[in-house]
Amino acid sequence: MKPCALYVHIPFCKSKCAYCDFFSVVCKASIDNAYIRHLIEEAGTRVAQFDVSEWSTIYFGGGTPSLLALNQIETLISGLKAVRPAAENAEITFECNPDDITVELLETLKKCGVNRLSVGLQAMNDKPLALVNRRAHRAENLRALKLLAEHWLEPQQIVPQKLVRGAQPHYDAPQNLPESPCPKHRLSVDLICGLPGQTAQDFFAGLEDIISCGADHISLYSLTLEEDTPLYKAVDSGKVKLPEAEETDSWWIKARDTLEKSGFAQYEVSNFAKQGCRSRHNMTYWQMLPYIGIGAGATGTVGSLRYTNSRSIKDWLCGAGEERELLPPEIQQFEYLMMAFRTVDGADAVEFETRFGKSLDVIEPVFSNWCRRGLAEKNGSRYALNKQGLLLLNRFLEEIICFFE
Ligand code: SF4
């Protein structure tokens, strides 16, 4: 029996954001208790299937987990812990939309042992938020930050008090903050760079608000236009205009540098954390460790087996529609590198050889070339892209994929 990470998918949203291609359905009424019951049942089936001893991390994602009623959250978390206990100090993350945050929700999550919130603020200005159909606009985001400051974070986590106390958020990013241990109630915030209607001024003011909100982890994404989303269609038809890519690329780089100066170290392409506050659950994916996914549309990978649950909630509730694939060794090897090179730690040649019985020397010609161009570094047995190299990750992966075909 071994510990395993658990992902719990709650595929319901009150409305769809225009850029989103995640699997979720619009749910105006409350979430059916049958969904909660079946999540617990599936957890029971999966632990038997994969011989799981305890949950190393638990991540409630979506969709919108914060749409669950308080009693459903209690039933779900206690049910999952009854199936298998959470490991000591397990990271338990719960994704929240800002407008769902209430004192009662925060108290319930604390009571259930949730110790990390991931809040999708995305921006702090009304125009870009409205153009992508986000439910929460600036006022709701500020209200959420105020509640988090008062009912979730410890007082020492708040950097300046201006944002949460006053009407006029403004923040001077502190330089080289002392490194602090990870707090008891952790907070991660998402921000998107390059939304329609976003100006440089909006974006950097939003970044300052977020740096000062007490978060220990920030995900800084560049907007990606996914086909088949309403935003893609609106941009394609000329109805909505995005800021120029060249301009937003330079915003992202400047934001990365601001975050680093403010005590948030980049540890993955889009993720920044204070010391000790990396997302342990997401590190499971980037290190290709086993994880179980439960819920409609969820995926799990244990060893070479990957399963994907049906996206039809009706089918999933009947236990139907699961797809399984056995990953061939070359696919596993390339996926391992694809995930490892997303992080600043990169890939370890010794670990690669132990896992796959194959030497990482195969990528040496490409890697040496990237080192000569100042985009990658080798440290002992570790191969990693540096910050400049991470900006070109996809190009690097295109150059090494031929060794795994
Ligand atoms: S709330 Fe999240 S999952 Fe739901 S539509 Fe918006 S981005 Fe997608």
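Domain bounds, as used here, are those given by an automatic or database domain assignment. For this predicted model, that assignment divides the chain into domain 1, residues 2–284, and domain 2, residues 330–405. The C-alpha centres of domain 1 and domain 2 are separated by 29 Å, and the contact between them involves four residues of domain 1 and six residues of domain 2. On the domain 1 side, the touching residues comprise two nonpolar, one polar and one charged.

In soluble globular proteins, nonpolar side chains tend to be buried together. In this model the largest nonpolar core has 74 residues, and those that touch the most other members are Val8, Ile58, Val189, Leu191, Ile210 and Ile218. Strand 1, residues 2–10, makes the greatest contribution to this core, giving six residues. Leaving aside residues up to four places away in sequence, Ile58 touches Leu6, Val8, Leu80, Ala86, Ala90 and Ile92. Separate from this is a second core of 17 residues, with Met338, Ala347, Ile363 and Ala376 among them.

Helix 2, residues 70–83, can be followed in more detail. Its 14 residues should span 20 Å at 1.5 Å a residue, and because its end C-alpha atoms are indeed 20 Å apart, the expected and modelled lengths agree. Within helix 2, Ile73, Leu76, Ile77, Leu80 and Val83 are buried; these residues cover an arc of only 125 degrees around the axis, and therefore lie on the same side of helix 2. The elements covering the buried residues of helix 2 include helix 1 (33–50), strand 4 (52–62) and helix 3 (103–111), whereas the face turned away from the buried side carries the exposed residues Asn71, Ser78 and Ala82.

Terms used
Residues numbered from 1 in each chain as written. Predicted model: local features only at pLDDT ≥ 70, side-chain atom pairs only at ≥ 80, totals over all residues. Core = buried A, V, L, I, M, F, W, Y, C linked by C-beta atoms within 7 Å. Buried ≥ 20, exposed ≤ 12 C-beta atoms within 10 Å, placed from the backbone. Helix = DSSP H or I, 4+ residues; strand = E, 2+ residues; numbered from the N terminus. Contact = placed C-beta atoms within 7 Å. Nonpolar A, V, L, I, M, F, W, Y, C, P; charged D, E, K, R; others polar. Expected span 1.5 Å × (residues − 1). Arc of directions from axis to C-beta.
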